[in-house]
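Hi,

Here is the structure I promised to pass on. Could you load it up and keep it open while you read my notes?

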Amino acid sequence: MSYVSKFLSATAIASALLLAPALAADTVKIGVAGPYTGANATFGEQVFAGVSAYVNEVNAAGGIDGKQIELVKGDDACEPKQAVAVANRFVDQDKVQAVIGHFCSSSTIPASEIYNDAGILEMAPASTNPTVTERGLETVFRGCGRDDQQAVVAGGFILDTLKRDKIALIHDKDTYGQGLVDAVKKTIQARGVEPVLYEGLTRGERDFNALVTKIKSSGANAVYFGGLIPEGGPLIRQIREQGLDVIFISGDSFAQKELIAAAGGPANLKDVYYSATPDPLADPSTKGVQDALKAAGIAPANYTLYGYANAQAVVGALKAGADIETQTGWLRSNTVDSAIGKITWDEKGDIKDFQFVFYDFDDQGNPVLVK
């Protein structure tokens, strides 16, 4: 082979190597991580549906700087080790420019270390554990409230509104569930009330009769549960089956229709309460988003709107600039008129002045705002 041929071949190889990343950059990739399999898959699918709906609108309007947004799904099943694997794949293989996720705090916390090291923006749509934004990670933002904010509201609601002071605290040993219960414990202790029971259950279990017996023996007149519907629903049902007369309170994970069946029907939801953000479906300002979702054949469920709102924030940051400093600076200095209302972020990456309210249920299992 002649020198010229060798040169041309080397040039062709070099051009091909340069072309590969150029082709990869023809789209703007956003990873959407969460549970798409397992007991909590409904949460992940709702978030993804909301993200997809907004991204489709952006792409139809020309995308970001003329580039279409490409969504990359990452199933972590709410398992920390799987979340780390998803995060590494997003960074090393998929080359995402931003991440919406993860859902469970126990997944978000280890995965966020990887995104921060890689300089990739992350917006967590449902991870409420304070640790998510308390580690000084510049690239990590939260598109929802915090457990300690929720716990202050919950403690006051139990003691002042429900007038209950014999409180059993039950958690699922997970970062979200135990973190929420520990925050409630701290809140009521500051008011001079000690829990009559503090107990953990194991995720995946469904037989809680022994635990219900402990609750009964404790003399509790209220149970505060930190965890998700797959365990919370059966716990409610077995409490009712044993005839235990207690009020049951939980956090924002109960804002799902799946709770009705898991608890054994709407009759078992009497005297069950949960805290959550004011229902975005009841906010007139979200009507346009709701109509757009319905037109696309997507039910505007609670976390669907959170997915949509988080996508609005992330796309706004990506439009501001390609570098992480510009993106994070934009989020910390701008208000996003989102599907869950106007939201702004503080220096930690938390939403400022996030509000929690309480709901109970009507005879059909529909949530009703407690006024």
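Below is what I found, going from the open space to the packing and then to the charged pairs.

First, a caveat: this is a predicted model, and everything here is computed from it.

**The pocket**

You'll probably want to start with the largest pocket, which holds about 520 Å³ of space. It has 27 lining residues, and those closest to the centre are Ala255, Gln256, Lys257, Leu281 and Asn302. Which elements give two or more residues to that lining? They are helix 2 (41-60), helix 9 (258-262), helix 11 (302-320), strand 10 (272-276) and strand 13 (357-361). As for chemistry, the lining divides into 16 nonpolar, seven polar and four charged residues.

**The cavities**

There are also two cavities of 30 Å³ or more. The largest cavity has about 80 Å³ of space. Of its 13 lining residues, Cys144, Asp252, Thr277, Tyr303 and Tyr306 are the closest to the centre. Helix 11 provides the largest share of this lining, with three residues. By class, you get eight nonpolar, four polar and one charged.

The second largest cavity comes in at about 70 Å³. Its lining consists of Phe103, Cys104, Ser105, Ala126, Ser127, Thr128, Tyr176, Leu228, Asp252, Ser253 and Tyr303. That makes six nonpolar, four polar and one charged. Asp252 and Tyr303 turn up here, and they are also among the residues closest to the centre of the largest cavity.

**The cores**

On to the packing. The largest nonpolar core has 99 residues, and the ones touching the most other members are Ile215, Tyr224 and Leu235. Helix 11 gives the largest share of this core, 11 residues. A second core is separate from it and has 12 residues, including Ala33, Val91, Val96 and Ile120.

If you want a place to zoom in, try leucine 235. Beyond four places in sequence, leucine 235 touches Ile170, Leu201, Phe208, Leu211, Val212, Phe225 and Phe248.

Another spot to look at is glutamate 231, which sits in helix 8 (residues 229-241). Is this glutamate buried or exposed? Its relative accessible area is 4%, under the 20% cut-off, so glutamate 231 counts as buried. Setting aside neighbours within four places in sequence, glutamate 231 contacts Leu201, Thr202, Arg203, Gly204, Glu205, Arg206, Phe208 and Phe225. Leu201, Phe208 and Phe225 are also on the contact list of leucine 235.

Then there is phenylalanine 361 in strand 13. With a relative accessible area of 13%, phenylalanine 361 is buried too. Leaving out neighbours within four places, its contacts are Leu259, Leu269, Val272, Tyr274, Asn366, Pro367 and Val368. For a sense of distance, phenylalanine 361 and glycine 63 lie 41 Å apart, C-alpha to C-alpha, with their positions 298 residues apart in sequence.

**The salt bridges**

The count comes to 19 salt bridges. The pair I'd look at is aspartate 350 with arginine 142, whose side chains meet at 2.7 Å, N to O. This pair links distant parts of the chain, 208 residues apart: aspartate 350 is in the loop between strand 12 (341-343) and strand 13, while arginine 142 is in strand 5 (residues 140-142). Both ends are buried: aspartate 350 has a relative accessible area of 3%, and arginine 142 has 0%.

For contrast, look at lysine 166 and aspartate 165, which form a salt bridge with their closest N and O atoms 3.9 Å apart. Here lysine 166 is partly exposed at 40% relative accessibility, and aspartate 165 is partly exposed at 42%.

There is also one within a helix. Aspartate 291 pairs with lysine 287, with 2.8 Å between the closest N and O atoms. Both residues belong to helix 10 (residues 287-295) and are four residues apart, about one turn of the helix. Aspartate 291 counts as partly exposed, at 36% relative accessibility.

Lastly, which residues do shared salt-bridge partners join into one network? They are Glu134, Arg142, Arg146, Asp148, Lys348 and Asp350, so the buried pair from above is part of it.

Over to you, and shout if anything looks odd.

Cheers

Methods. Residues are numbered from 1 along each chain as its sequence is written. Side-chain values use heavy atoms; hydrogens and water are left out. On a 1 Å grid over the protein atoms alone, a cavity is a set of points where a 1.4 Å probe fits but cannot get out, and a pocket is an open set with protein on both sides within 12 Å along at least five of seven lines; lining residues have an atom within 4 Å of a point. Grid points are joined across faces, edges and corners, and a volume is the space filled by probe spheres set on the points. Ala, Val, Leu, Ile, Met, Phe, Trp, Tyr, Cys and Pro count as nonpolar, Asp, Glu, Lys and Arg as charged, and the others, Gly among them, as polar. A salt bridge is a side-chain nitrogen of Lys or Arg within 4 Å of a carboxyl oxygen of Asp or Glu. Buried means under 20% relative accessible area, exposed over 50%, partly exposed in between (1.4 Å probe, protein chains only). A nonpolar core is a set of buried Ala, Val, Leu, Ile, Met, Phe, Trp, Tyr and Cys residues joined through side-chain atoms within 4.5 Å. Contact means heavy atoms within 4.5 Å.
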